[in-house]
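Got your viewer open? Let's take a walk through this one together, selecting a few things at a time.

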Amino acid sequence: MKKVDAVIKPFKLDDVREALSGVGITGMTATEVKGFGRQKGHTELYRGAEYVVDFLPKLKVEVVVNDEQVEACIEAITSASRTGKIGDGKIFVTDVERVIRIRTGEEGEAAV
């Protein structure tokens, strides 16, 4: 099993959720996060004072999938979240050693 972490623009969440559902992935976790990369933040004006916003609001989407679903998952996230502009985000794929469903005690792919 693999864990796919995607950091995306917040307004793309519904598109990503629909794209994942379209490839048969029904479970995901989304968390509001802040960060920066090449975008390096921007300046804003608030009550006449200019200030720098170093960390930009993003969403982190976490999905655990079978090895066979990884490429479809990546493609769904990429196509649904791409705007073609800087700051579209990143996808990280890592191995998952063990998954346990708390309610039933099921383990492995049955718990996903």
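Before we start, one definition: helices (at least four residues) and strands (at least two) are DSSP runs, numbered from the N terminus. That is how a label such as S6 comes about, and Arg101, a later stop, is found in the segment after S6. Keep in mind that you are looking at a predicted model.

**The whole chain**

Start with everything selected, in cartoon style. You should find two helices and six strands. Follow the chain from its beginning and you will pass them in the pattern β-α-β-β-β-β-α-β.

Now zoom out. The C-alpha atoms fill a box of roughly 55 × 30 × 20 Å along the principal axes. What is the radius of gyration of the protein? It is 17 Å, whereas a compact globule of 112 residues would have one near 13 Å.

Switch on the surface. The protein exposes about 7700 Å², and carbon and sulfur atoms supply 50% of that. Buried residues make up 29% of the 112 residues. Try colouring by charge, too: there are 17 positive and 19 negative charges, and their mean positions are 6 Å apart.

One more thing before we zoom in. Take the contacts between residues at least 6 apart in sequence: 70% of them join residues at least 24 apart. Watch for partners from elsewhere in the chain as we go.

**Stop 1: Ile8**

Select Ile8, which lies in strand S1. Is Ile8 buried or exposed? Its relative accessibility is 1%, so it counts as buried. Now show what surrounds Ile8: beyond its close sequence neighbours, it is in contact with Leu13, Val16, Lys58, Leu59, Val61, Ser81 and Asp88. For a sense of scale, draw a distance to Gln69: that residue is 61 places away along the chain, and the two C-alpha atoms are separated by 20 Å.

**Stop 2: Leu59**

From Ile8, hop across to one of its contacts, Leu59. You are now in strand S5, residues 56-65. Leu59 has a relative accessibility of 8%, and the cut-off for buried is under 20%, so Leu59 counts as buried. Which residues touch Leu59, leaving aside those within four places in sequence? They are Ala6, Val7, Ile8, Pro10, Leu13, Thr31, Glu32 and Val33. Try another distance here: Leu59 and Gly35 are 24 residues apart in sequence and 9.7 Å apart in space, C-alpha to C-alpha.

**Stop 3: Lys9**

Go back to strand S1 (2-8) and step into the loop that leads to helix H1 (13-22), where you will find Lys9. Lys9 has a relative accessible area of 13%, so it is buried. Outside its own stretch of sequence, Lys9 touches Lys58, Thr83, Lys85, Ile86, Gly87 and Asp88. Two of those names, Gly87 and Asp88, come next.

**Stop 4: Gly87 and Asp88**

Select Gly87 in the loop between H2 and S6. Gly87 is buried, with a relative accessible area of 18%. Its C-alpha atom is separated by 18 Å from that of Ala30, 57 residues away along the chain.

Now add Asp88, which lies in the loop between helix H2 (70-81) and strand S6 (89-95). At a relative accessible area of 16%, Asp88 is buried as well. Show the side chains and look for Thr83: a polar contact of 2.4 Å joins the side chains of Asp88 and Thr83. Asp88 is also in contact with Val7, Ile8, Lys9, Ser81 and Arg82. You have already visited Ile8, and from that end Asp88 was in its contact list.

**Stop 5: Arg101**

Last, move past S6 and select Arg101. How accessible is Arg101? It has 26% relative accessibility and counts as partly exposed. Not counting residues up to four places away in sequence, Arg101 touches Glu106, Ala110, Ala111 and Val112. Zoom in on Ala111: the side chain of Arg101 reaches its backbone oxygen at 3.2 Å. To finish, draw a line from Arg101 to Lys34, C-alpha to C-alpha: they are 67 residues apart in sequence and 29 Å apart in space.

Note on methods. Residues numbered from 1 in each chain as written. Predicted model: local features only at pLDDT ≥ 70, side-chain atom pairs only at ≥ 80, totals over all residues. Heavy atoms only, no water. Rg over C-alpha atoms; globule rule 2.2 N^0.38 Å. Buried < 20%, exposed > 50% of the residue type's maximum accessible area, 1.4 Å probe, protein only. Contact = heavy atoms within 4.5 Å. Areas by Shrake-Rupley, 256 points an atom, 1.4 Å probe, with all protein chains shown as cover. Lys, Arg positive; Asp, Glu negative; His and termini not counted. Charge placed at Lys NZ, Arg CZ, Asp CG, Glu CD. Polar contact = N/O pair within 3.5 Å; in protein donor to acceptor, adjacent residues only side chain to side chain.
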